[in-house]
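Please read the following report alongside the sequence and the coordinates.

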Amino acid sequence: MTELTYTVSGMSCGHCKAAVTEEVEQVSGVEGVDVDLDTKLVVVRGENLSDDAVRAAIREAGYEAA
Ligand SMILES: [Cu+2]
């Protein structure tokens, strides 16, 4: 199990949270996604995670991982 953490600015409400979660959940190997709107942290857990793929998914949702 690997855990990757990203700081994603611009997320402000439940819709942002849902959009990011939905996109990232589709990335190969992802087993869990936690979004904290207060800290702007996105924690992704899974096996053989691709940092590039997770970043691309966050971008696809309309946000940018720092
Ligand atoms: Cu929002």
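The report covers overall form first and the metal site after that.

This is a predicted model, in which local features need pLDDT of at least 70 and side-chain atom pairs count only at pLDDT 80 or more, while totals for chains, interfaces and linings use all residues. Residues are numbered from 1 along each chain as its sequence is written, and side-chain values use heavy atoms, with hydrogens and water left out.

The protein has two helices and four strands, taken as DSSP runs (helices H or I, at least four residues; strands E, at least two). Their order from the N terminus is β-α-β-β-α-β. The radius of gyration of the protein is 10 Å, which agrees with the value near 11 Å for a compact globule of 66 residues; this radius is taken over C-alpha atoms, and the globule rule is 2.2 Å times the number of residues to the power 0.38. Along the principal axes, the C-alpha atoms fill a box of roughly 30 × 20 × 20 Å. Of contacts (heavy atoms within 4.5 Å) between residues at least 6 apart in sequence, 60% join residues at least 24 apart.

Of the 66 residues, 36% count as buried. Buried means under 20% relative accessible area, exposed over 50%, and partly exposed in between (1.4 Å probe, protein chains only).

Cys13 (SG) and Cys16 (SG) coordinate the copper ion at 2.0 to 2.1 Å. Donors are N, O and S atoms within 2.8 Å of the metal (3.2 Å for Na, K and Ca); water is not among the atoms, so sites may look incomplete. The table gives the burial of the two residues.

| Residue | Relative accessible area | Class |
|---|---|---|
| Cys13 | 30% | partly exposed |
| Cys16 | 7% | buried |
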